[in-house]
Amino acid sequence: MINKVVSNADEAIKDIQDGMTLMLGGFGLCGIPENCIAALIKKGVKQLTCISNNAGVDDFGIGLMLKTRQVKKMISSYVGENAEFERQLLNGELEVELIPQGTLATRCMAAGYGMPAIFTPAGVGTEIAEGKETRNFHGKDYLLEMAFDADFAIVKAWKGDTAGNLIYHSTARNFNPAMAMAGKITIAEVENLVEAGDLDPDQIHTPGIYVHRIFQGARYEKRIENRTVRTHK
Amino acid sequence: MLDKDGIAKRIAKEIQDGYYVNLGIGIPTLVANYIPDGIQVVLQSENGLLGMGPFPFEGEESPDLINAGKQTITTLPGSSIFDSAESFGMIRAQKVDLTILGAMEVSENGDIANWKIPGKMVKGMGGAMDLVASAKNIIVAMQHVNKAGESKLLPTCTLPLTGVRCVKKIVTELGVFEIHPLGGFKLLERAPGISVDQIKNATAGKLIIDSDIPEMAV
């Protein structure tokens with residue numbers, strides 16, 4: 001079997017070049033590939049197009065890559081909570097393409113399923129529909145949306161094995177499985193890397209066929225963006 | 001007149017036993033606090049969870065378990081977790097019975113605007129466009145007028161649209177309204193202490209008043 005295990009994030013991302021298109025898993029700060037983001041900053045690759053539901057916060061997640069001016073374009077559904085993002089956007093230093101969250105997820109899924117495009121009703125009759133082909137099926141209008149074409153998908157899982165199989169934890173799953181399927185090259189960073197055979201095949205969320213490189217992250221901060229709690233009675 | 005909790009409480013009465021419900025951010029989130037006794041509801045969070053529970057007790061929060069508002073939450077017995085593509089698949093396929101969300105404007109044919117104000121920083125539509133394009137039943141929870149005192153129930157929306165001809169019902173601090181199939185806000189109920197004239201004065205779109213309008217029981 002091809003050895004998919006790499007020693008660390010630096011090795012995993014070593015051939016990511018300026019100007020490439022990356023998918024980055026996560027929803028808010030939940031389930032983001034923290035170690036690869038840190039390695040991309042260390043490597044200093046620039047002019048990146050990042051497909052990710054959000055753009056992190058000022059000092060964490062993709063926000064860190066914005067600060068170092070490595071991102072040319074963000075393709076996201078929601079980009080609040082980030083002052084540096086706002087500043088770069090208003091100054092014309094950053095391109096942003098906002099697309100509906102379900103369209104974002106399904107354009108990833110389509111790439112992973114080998115389908116060139118999808119039809120979705122999201123955005124019909126709005127500015128999102130401008131310039132897009134519309135088709136009517138059974139009396140309802142749908143927009144033609146293209147599958148994403150990303151050079152690399154970078155995902156984060158809870159557990160992974162040396163064959164590249166992945167298991168996510170809780171809602172940190174989010175965009176990771178669809179993106180893992182969609183990358184020309186998929187890098188998975190995991191909290192726990194185990195030997196092939198240690199994971200129950202019935203419990204695998206992402207089969208190893210989609211994962212080209214895997215490593216155990218050196219450390220995880222797993223920051224909480226919006227801590228909400230109840231007080232004990 | 002209803003306060004925000006009053007609006008939430010009134011909307012909660014629309015929920016039926018066994019419903020799968022998606023709650024937007026703001027007043028809709030409060031609806032979870034007023035689900036009538038004896039009714040089983042499963043809350044969908046579009047980041048990939050069915051069966052959203054209350055906030056965790058202090059010290060028990062997990063960075064891996066959040067809702068679509070990025071708040072730390074809990075699961076419940078019977079909860080399930082799935083990925084974002086599947087989450088919007090079940091939304092698109094109309095498996096979710098009811099969507100409750102906020103709005104900046106609603107037009108008399110059921111168009112909704114709630115994501116963008118020209119000239120202001122646009123944060124994005126998140127899942128709102130997907131939800132309104134597919135949901136079989138959409139109730140809007142919002143204030144009847146904006147901060148400038150202008151009606152948010154309009155002949156046509158002035159702000160960029162989130163979706164067209166999709167809103168079924170609106171609950172504001174003044175009353176309950178149904179979008180008439182031929183266009184217009186059909187007044188169904190008045191909020192406690194609110195007169196039909198007060199509602200007329202606050203509504204810029206076509207208001208349909210068919211009969212005596214009852215005061216709602218909250």
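**Exercise 1. Which backbone oxygen lies 2.9 Å from a polar atom of the side chain of B:S87?**

Let's work it out on this model, which is a predicted one.

- Step 1: Find the residue. B:S87 sits in helix α3 of chain B, which covers residues 84–92.
- Step 2: Check its surroundings. With a relative accessible area of 0%, B:S87 is buried.
- Step 3: List the contacts, skipping neighbours within four places in sequence. You get B:Q44, B:S45, B:E46, B:N47, B:G48 and B:F82.
- Step 4: Pick out the polar partner. The backbone oxygen belongs to B:E46, and the distance to the side chain of B:S87 is 2.9 Å.

As an extra, try B:P118: this residue is 31 residues along the chain from B:S87, and their C-alpha atoms are 30 Å apart.

**Exercise 2. Find out how many disulfides there are over all chains, and explain what happens with A:C36.**

- Step 1: Recall the idea. A disulfide is a covalent bond joining the sulfur atoms of two cysteines.
- Step 2: Set the cut-off. The two sulfurs have to be within 2.5 Å.
- Step 3: Take A:C36. The closest cysteine sulfur is in A:C50, 12 Å away, so that's too far for a bond.
- Step 4: Turn it around. A:C50 is in no disulfide either, as its nearest cysteine sulfur, in A:C36, is 12 Å off.
- Step 5: Give the count, which is zero disulfides over all chains.

While you're here, look at accessibility: A:C36 is buried at 0%, and A:C50 is buried at 0% too.

**Exercise 3. Work out which polar contacts the side chain of A:Q88 makes.**

- Step 1: Place A:Q88 in helix α4 of chain A, residues 83–90.
- Step 2: Decide whether it's buried or exposed. The relative accessibility of A:Q88 is 1%, and buried means under 20%, so A:Q88 is buried.
- Step 3: Look for a backbone partner. The A:Q88 side chain reaches the backbone oxygen of A:L66 at 2.7 Å.
- Step 4: Look for a side-chain partner. Here you find A:E84, at 2.8 Å.
- Step 5: Add the contacts beyond four places in sequence: A:L66, A:K67, A:R69, A:E93 and A:L94.

**Exercise 4. Describe the largest cavity.**

- Step 1: Search the whole structure for cavities of 30 Å³ or more, and four turn up.
- Step 2: Size up the largest cavity, at about 70 Å³.
- Step 3: Name the lining. There are 13 residues, and the closest to the centre are A:G25, A:G28, A:I32, A:S52 and A:I62.
- Step 4: Sort the lining by type. You should get six nonpolar, seven polar and no charged residues.

Conventions
Residues are numbered from 1 along each chain as its sequence is written. Chains are lettered from A and ligands numbered from 1 in the order in which they are written. This is a predicted model: local features need pLDDT of at least 70, side-chain atom pairs count only at pLDDT 80 or more; totals for chains, interfaces and linings use all residues. Side-chain values use heavy atoms; hydrogens and water are left out. Buried means under 20% relative accessible area, exposed over 50%, partly exposed in between (1.4 Å probe, protein chains only). Helices (H or I, at least four residues) and strands (E, at least two) are DSSP runs, numbered from the N terminus. Contact means heavy atoms within 4.5 Å. A polar contact is a pair of N or O atoms within 3.5 Å; within protein, one must be able to donate a hydrogen and the other to accept it, and residues adjacent in sequence count only if both atoms are side-chain atoms. On a 1 Å grid over the protein atoms alone, a cavity is a set of points where a 1.4 Å probe fits but cannot get out, and a pocket is an open set with protein on both sides within 12 Å along at least five of seven lines; lining residues have an atom within 4 Å of a point. Grid points are joined across faces, edges and corners, and a volume is the space filled by probe spheres set on the points. Ala, Val, Leu, Ile, Met, Phe, Trp, Tyr, Cys and Pro count as nonpolar, Asp, Glu, Lys and Arg as charged, and the others, Gly among them, as polar.
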